[in-house]
Amino acid sequence: VEESTPATEVKAVTPKQDPKEFLAEFDWDKYEEGIERVDDSKLEEFEAMVAENFVDTADEEVVTGEVVHLTEREAIIDINAKSEGVISLNEFRYNPDLKVGDNVEVLIDIREDKSGQLVLSHRKARTIKAWDRVNNACEKEEIVNGFVKCRTKGGMIVDVFGIEAFLPGSQIDVKPIRDYDQYVGKNMEFKVVKINQEFKNVVVSHKALIEADIEEQKKEIIGQLEKGQVLEG
């Protein structure tokens, strides 16, 4: 009597799909409507891919994007979101050499316009970064460079990191200044002496740096003095 050999169950091997390929082909609309079912393991893989590759566009924070296309009016920016974003070229007037492949800092301005695109702002991102730099300079008492733009009532307007700061007339020099116009158009060093966070006002001083230099010179001279030393002058 021949013994029957038990049939060996052959399992179909499903080729493993590349997660990036799955991500590219995934129909989110069908999934949300319940038309397309996805097994739990594949869904977990999808969520991991989203976390790894997509920025959280809900967070109002500055992110870095890449210029992928330029039109006559707009720059198309890829920030690894569900759709690419657009920025008016007016925001890049300071950078006429902007080109495809450049990385730029942007802020999510409108999450989705009528055409489904993200509307980004480079100007707002620059302002946020500038405020971070100004606050940091104030906390660490660092010297900052500024450009004197124009005169105003009681002092001057100075461009510091792209932010308009106020330089009081009394803080220009240790001696009284009568001709403010002589400083317009000049780059100078300043110390951030006051920031009003509520009204976003910045006050800078050039006088504070001169006074600090004078104080250092005094300490240096005093340090070189010896008892009984005779000085001429």
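Q: Which residue lies over the face of Trp131?
A: In this predicted model, Lys200 lies over the face of Trp131, and the distance to the ring centre is 4.8 Å.

Q: And where does Lys200 sit in the hairpin of S9 and S10?
A: Lys200 is in the turn of that hairpin, which has four residues between the two strands. Its phi is positive, at about 55 degrees.

Q: In what sense do S9 and S10 pair, parallel or antiparallel?
A: They pair in the antiparallel sense, over five bridges. As one example, Lys194 has Val203 in S10 as its bridge partner.

Q: Changing topic, how many residues does the largest nonpolar core have?
A: The largest nonpolar core has 22 residues. Phe190, Val192, Val202 and Val204 are those with the most contacts inside it.

Q: Which elements give two or more residues to this core?
A: One helix, H4 (122-140), does so, along with the strands S6 (143-152), S7 (155-160), S8 (163-168), S9 (187-196) and S10 (201-205).

Q: What does Phe190 touch?
A: Setting aside residues up to four places away in sequence, Phe190 touches Glu142, Ile143, Val144, Gly146, Val148 and Val158. The list also includes Leu167, Val204, Ser205, His206 and Leu209.

Q: What other core lies apart from it?
A: Apart from the core just described lies another of 14 residues. Among them are Ala75, Ile77, Ile79 and Leu118.

Q: How many aromatic pairs does a search of the whole structure find?
A: The search finds zero aromatic pairs.

Q: On to Ser121: where is its place?
A: Ser121 belongs to strand S5, which covers residues 118-121.

Q: Is Ser121 buried or exposed?
A: Ser121 counts as buried because its relative accessible area is 2%, and the cut-off for buried is under 20%.

Q: Which residues is it in contact with, leaving aside neighbours within four places?
A: Ser121 is in contact with Ile87, Glu91, Glu105, Val106, Leu107 and Asp109. In addition, its side chain reaches the backbone nitrogen of Lys124 at 3.0 Å.

Q: What about Asp173, where is that found?
A: Asp173 is found in the loop that runs between S8 and S9.

Q: Is Asp173 buried or exposed in that loop?
A: Asp173 is buried, since its relative accessible area is 14%. Its side chain makes a polar contact with the side chain of Lys175, at 3.1 Å. Not counting residues up to four places away in sequence, Asp173 touches Tyr183, Lys207 and Ile210.

Q: Now Glu141: which loop is it in?
A: Glu141 is in the loop between H4 and S6. Its phi is near 55 degrees, a positive value in a residue other than glycine.

Q: Buried or exposed, for Glu141?
A: Glu141 is exposed, because its relative accessible area is 55%, and exposed means over 50%.

Q: How are the C-alpha atoms of Glu141 and Lys191 separated?
A: They are separated by 6.9 Å, while the two residues are 50 residues apart along the chain.

Q: What is the phi of Phe161?
A: Phi of Phe161 is near 60 degrees, again a positive value in a residue other than glycine. Phe161 is in the loop between S7 and S8.

Q: Why does Phe161 count as partly exposed?
A: Its relative accessibility is 27%, and partly exposed covers the range between under 20%, which is buried, and over 50%, which is exposed.

Technical notes. Residues numbered from 1 in each chain as written. Predicted model: local features only at pLDDT ≥ 70, side-chain atom pairs only at ≥ 80, totals over all residues. Heavy atoms only, no water. Core = buried A, V, L, I, M, F, W, Y, C linked by side-chain atoms within 4.5 Å. Buried < 20%, exposed > 50% of the residue type's maximum accessible area, 1.4 Å probe, protein only. Contact = heavy atoms within 4.5 Å. Phe/Tyr/Trp six-rings, centres within 6.5 Å; stacked < 30°, edge-to-face > 60°. Lys NZ or Arg CZ within 6 Å of the ring centre and 35° of its normal. Polar contact = N/O pair within 3.5 Å; in protein donor to acceptor, adjacent residues only side chain to side chain. Pairing = 2+ DSSP bridges.
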